[in-house]
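Trainee: I am new to this structure and would like a close look at a single part of it. Could you pick up one helix with me and then show me how the rest fits around that view?

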Amino acid sequence: MNVKRWVTPVLAGVLTAGLAACSSGGTPAGTTGAGAAPAEAKPDTTPVTIQYWHAHAEAQLAGLNDMIEEFKKKYPHITVEPVYQGAYGDLHKKLQAAVAAGDVPAVTNVEVASLPNFADGGVFADLTSWIKRDKTDLNDFSKGMLQAYAYNGKQYGFPLIVSTSVFVYNKTLLDELGVKPPQTWNEIEAFNQKVTKKEGDKTTRYAFSVPGWDTWYYDPWIVNGGGKILTGDMKKSAMDTPESLRFIENFKKWKQEGSMHIGYGKGASDNMRQMFLNGEIAMVQHTSALLKMYRENAKFEVGVSFLPGDKTRTSNIGGAGIVMMEGAKANQKEAAWKFIEFMTSAEPNIKWAESVGYLPTRKSAIASSEGAEYFKRWPQYKAVFDNFDSVTPRLQHPAYPEFSKQYMEVVGRLALNNEDPVPLMKEATQKMNDVLKDYE
């Protein structure tokens, strides 16, 4: 396989040479074998300190600190040092540098779309042997959430701060109009006609908005319309096929009619939020992680609906998981596994999710009495959990962060300049193929 990656050339060289030397002193990482968990017939309680590199925003820190304190009570010999490394992009760059320097943390966050690239390069440890040894119940996770942190048949991590895109809608307005959010593509036209408000040629209220600034928001539209981003062998773009073009053809139609708003460019997210809160957009596709913000700021009742489907119905997983670094020392890996398992375990799952504003990930937690109380406080999330196993991973390919920019630009040119997206998408397909050649 060609070693061209979005990781630095220095890191590529380190990965090619192997990661056994990444332990800075002590027992080499490879002593127990790649991804192999040592037997724990007699648990080792020798004091050990591990670092947890994370991208948790300030609002999540109280919840994180509470979890670390509870972990310390269970495992007093393990000290976890949380280290904030910025947003996902900054964190990933620092991980690259740490691997190149041979001095890595034991545990880290990884944004879901970036996991294949790091895993493909051997940066993360395969957790399979630990999972088997401790009989971790993987069936308790949503299938899609678990798959998002697996790659090429290996489980590299677990979901930790998980979101999905949903339609957040002005329930007060839709109730007044006597309409419900569309559940299928066939229902969108009637919804648009009843909800869109115009004065002459100017739209004063859009029926709905889709963010154009991140492919995460419209990848599900491609799939739900029967299309694919890549061909079945993952070697070429499929964005110019009739099935894949359906979503962008509809976007063009709805935008030209004045019923659909597409956010793109500087300040697009803030602008879309404010338009919704002002009543200028009836329904916005946005991350479920912002539901609390919408509820607290809206002067109307807020509802949530799962994305409408056509050939299928899905929404993609966002947020980040928690993984172990392959280059960590052997004793740190054991501590890292215990921390990963604790952070994603069922018992604190509801409390953790609510403290950080993300979704619960454990079926048993959702079905518990604590879960029932959670849904009383957050009834809007029912739309997500009614479709729990339809929340699926993003396309997993090491080049995704690079080639997805090509079709994101097409949506941007439609949003900003009203350009015809179909010929642009065909041009983007060729550019995607040029990128993919380097990964054959």
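What follows is a walk through one helix, and then through the chain and a few single residues.

Trainee: Please take helix α9, residues 215-224. How many of the residues of α9 are buried?

Mentor: Happy to help! One thing to keep in mind from the start is that this is a predicted model. In helix α9, which covers residues 215-224, 9 of the 10 residues are buried, so the helix is largely enclosed by the rest of the structure. You can find them one by one: T215, W216, Y217 and Y218 are buried, then D219, P220, W221 and I222, and also N224. The cut-off behind that word is a relative accessible area under 20%.

Now look at the two ends of this helix. At the N-terminal end, D214 acts as a cap, with a side-chain oxygen 2.9 Å from the backbone nitrogen of W216. W216 is itself one of the buried residues of α9. Just after the helix, G226 takes a positive phi of about 95°.

With α9 in mind, step back to the whole chain. The secondary structure comes to 19 helices and 14 strands. The radius of gyration is 23 Å, close to the 22 Å that the globule rule gives for 440 residues, so the chain is as compact as a globular protein of that length. Along the principal axes, the C-alpha trace spans about 75 × 50 × 35 Å. Buried residues make up 56% of the 440 residues in the chain. If you take the contacts between residues at least 6 apart in sequence, 76% of them join residues at least 24 apart. The accessible surface comes to about 18,500 Å², and carbon and sulfur atoms account for 50% of that. As for charge, there are 49 positive and 50 negative side chains, and the centres of the two sets lie 1 Å apart.

Burial is not limited to α9, so let us visit some other places. A good one is S259, in the loop between α10 (242-257) and β10 (260-263). S259 is buried, because its relative accessible area is 3%. Leaving aside neighbours within four places in sequence, S259 is in contact with N192, T196, Y206, A207, F208 and W254. With N192 there is also a polar contact, side chain to side chain, at 3.3 Å. V195 is 64 residues away from S259 in sequence, yet their C-alpha atoms are 8.2 Å apart in space.

A second serine sits in a loop as well: S345 lies between α13 (330-343) and α14 (349-356). S345 has 18% relative accessibility, so it counts as buried. A polar atom of the S345 side chain lies 2.8 Å from the backbone oxygen of F342.

For a buried residue inside a helix, turn to V384 in α17 (residues 382-385). The relative accessible area of V384 is 1%, which means that V384 is buried. Beyond neighbours within four places in sequence, V384 is in contact with T164, V166, F306, L359 and V391. F118 makes a useful reference point across the model: F118 and V384 are 266 residues apart along the chain, and their C-alpha atoms are separated by 29 Å.

Finally, compare those buried residues with two asparagines in loops. N152 lies between β4 (150-151) and β5 (154-155). N152 is exposed, with a relative accessible area of 62%. Although N152 is not a glycine, it has a positive phi of about 50°. N418 lies in the loop between α18 (400-417) and α19 (421-437). At 47% relative accessibility, N418 counts as partly exposed. N418 is not a glycine either, and has a positive phi of about 55°.

To come back to your helix: α9 is largely enclosed by the rest of the structure, D214 caps its N-terminal end, and G226 follows just after it with a positive phi.

Note on methods:
Residues are numbered from 1 along each chain as its sequence is written. This is a predicted model: local features need pLDDT of at least 70, side-chain atom pairs count only at pLDDT 80 or more; totals for chains, interfaces and linings use all residues. Side-chain values use heavy atoms; hydrogens and water are left out. Buried means under 20% relative accessible area, exposed over 50%, partly exposed in between (1.4 Å probe, protein chains only). Helices (H or I, at least four residues) and strands (E, at least two) are DSSP runs, numbered from the N terminus. A polar contact is a pair of N or O atoms within 3.5 Å; within protein, one must be able to donate a hydrogen and the other to accept it, and residues adjacent in sequence count only if both atoms are side-chain atoms. The radius of gyration is taken over C-alpha atoms; the globule rule is 2.2 Å times the number of residues to the power 0.38. Contact means heavy atoms within 4.5 Å. Accessible areas come from the Shrake-Rupley method with a 1.4 Å probe; for residues, only the protein chains shown count as cover. Lys and Arg count as positive and Asp and Glu as negative; His and the chain ends are not counted. The place of a charge is taken as NZ of Lys, CZ of Arg, CG of Asp or CD of Glu.
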